[in-house]
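The following exercises concern the predicted model shown below. Each task is followed by a solution that proceeds step by step.

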Amino acid sequence: MSKRDLKKYVAELNKEQLEEQILELYDKFSSVKVYYDFVFNPKEETLLKECKLKISNEYYPLKKSGRRSKPKMRRSVAQKYIKHFTLLGVDPFVIADAMLYNIEIAQTFSSEQDIKQELFFKSMYNSFQQAVVFLIANGILADFKKRISAIHTETILQKWYNEPEFNAILERLEY
C-alpha cells in the first residue's frame, strides 16, 4: 500500500474507527508502543544514560560470579542505540553525545589495553566519520568542536595507525 492510498483510507475512517486502529497497533506492535511511550514521556536523559551504560559495558563489563568478563568492544551496540534514537526523533544533541561517547570510551579502553585488531581502529574511524557527518547535517558541529578535536588528539597520542584518516576529516572542516 502506498502512502497516498493509506492517506485516502485514513480519511475515510471516522474518529472512533481511527482510535480503534491506533489502539490495536499499540497493542500488536512493540515498536509502536515504544514510539508512543517516547512521544508522551520523552525521557531523553534516561535513554542517554542507559545507552552510555550499555556502551561502557562493552569495554568495561561488569564482573560475573567473581570472575572478570572479557570486553566485547562491539560498535554495533552503539549503532543500534543511535539508530533507535534517530527513529524516535531524539534531540540531535543527545544523539551526537552518544556517538562521541562511543568513540571516547573506546579510546579510554585503548589507552589502557594494547589493541591489535585492525578492525577496532577502522570501526572507530567509521564512527568518527559518521559523527562528523551527523554534526554537520544537524548544524551542531561548532557545539562539539572541542570533543571532536580531543578525539583526534587522542589518536595522535595513542599512535593509532589510521590517525591520518582522522586528520583528513578535520582538515576538510573549516575550523
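**Exercise 1. Determine which residues Leu48 contacts beyond its sequence neighbours, and describe its setting.**

Step 1. With neighbours within four places in sequence left aside, Leu48 is in contact (heavy atoms within 4.5 Å) with Phe85, Val94, Asp97 and Ala98.

Step 2. Leu48 belongs to helix H4; helices here are DSSP runs of H or I with at least four residues, numbered from the N terminus.

Step 3. The relative accessibility of Leu48 is 5%, so the residue counts as buried. The classes are buried under 20% relative accessible area, exposed over 50% and partly exposed in between, with a 1.4 Å probe and protein chains only.

Step 4. A separation of 9.0 Å lies between the C-alpha atoms of Leu48 and Tyr81, which are 33 residues apart along the chain.

Conventions for all exercises: residues are numbered from 1 along each chain as its sequence is written, and side-chain values use heavy atoms, with hydrogens and water left out. The model is predicted: local features need pLDDT of at least 70, side-chain atom pairs count only at pLDDT 80 or more, and totals for chains, interfaces and linings use all residues.

**Exercise 2. Compare the reach of H2 with its expected span, and examine the start of the helix.**

Step 1. H2 covers residues 15–28, which is 14 residues.

Step 2. The expected span is 1.5 Å times one less than the number of residues. For H2 this expectation is 20 Å, and the distance from the first C-alpha to the last is close to it, at 20 Å.

Step 3. At the start of H2, the backbone nitrogen of Glu16 has a side-chain oxygen of Asn14 within 3.1 Å.

**Exercise 3. Classify the aromatic pair formed by Tyr36 and Phe40, and relate it to the helix that holds both residues.**

Step 1. A pair of aromatic rings is described by the distance of the centres and the angle of the planes. Rings of Phe, Tyr and Trp (its six-membered ring) pair if their centres lie within 6.5 Å; planes under 30 degrees apart count as stacked, over 60 as edge-to-face and the rest as tilted.

Step 2. The structure contains 13 aromatic pairs. In the pair of Tyr36 and Phe40, the centres are 6.1 Å apart and the planes make an angle of 15°, and the pair is stacked.

Step 3. Tyr36 and Phe40 are separated by about one helical turn, because they stand 4 residues apart in helix H3 (residues 30–40).

Step 4. Tyr36 is partly exposed at 26% relative accessibility, whereas Phe40 is exposed with a relative accessible area of 66%.

**Exercise 4. Analyse the pair of Phe128 and Phe166, then the packing of H7.**

Step 1. Phe128 and Phe166 form a tilted pair, with 4.9 Å from centre to centre and 45° between the planes.

Step 2. This pair joins distant parts of the chain, 38 residues apart: Phe128 is in helix H7 (residues 118–137) and Phe166 in helix H9 (residues 163–172).

Step 3. Both Phe128 and Phe166 are buried. They also belong to a cluster, linked by ring pairs, with Phe120, Phe121, Tyr125, Trp160 and Tyr161.

Step 4. H7 has 20 residues and reaches 29 Å between its first and last C-alpha, close to the expected 28 Å.

Step 5. The buried residues of H7 include Ser123, Met124, Ala131, Val132 and Leu135. The buried residues of this helix pack against helix H4 (44–59), helix H5 (75–88), helix H6 (92–112), helix H8 (145–157) and H9.

Step 6. After H7 comes Gly139, with a positive phi near 65°.

**Exercise 5. Describe the surroundings of Ser110 and Asn162, and identify the polar contact or reach of each side chain.**

Step 1. Ser110 lies in helix H6 and is buried, with a relative accessible area of 11%.

Step 2. The side chains of Ser110 and Trp160 make a polar contact at 3.3 Å. Such a contact is a pair of N or O atoms within 3.5 Å; within protein, one must be able to donate a hydrogen and the other to accept it, and residues adjacent in sequence count only if both atoms are side-chain atoms.

Step 3. Apart from neighbours within four places in sequence, Ser110 is in contact with Ile115, Phe120, Gln158 and Trp160.

Step 4. Asn162 is in the loop between H8 and H9 and is buried, at a relative accessible area of 1%.

Step 5. The Asn162 side chain reaches the backbone oxygen of Phe121 at 2.9 Å. Not counting residues up to four places away in sequence, Asn162 touches Phe121, Lys122 and Tyr125.

Key:
Helix = DSSP H or I, 4+ residues; strand = E, 2+ residues; numbered from the N terminus.
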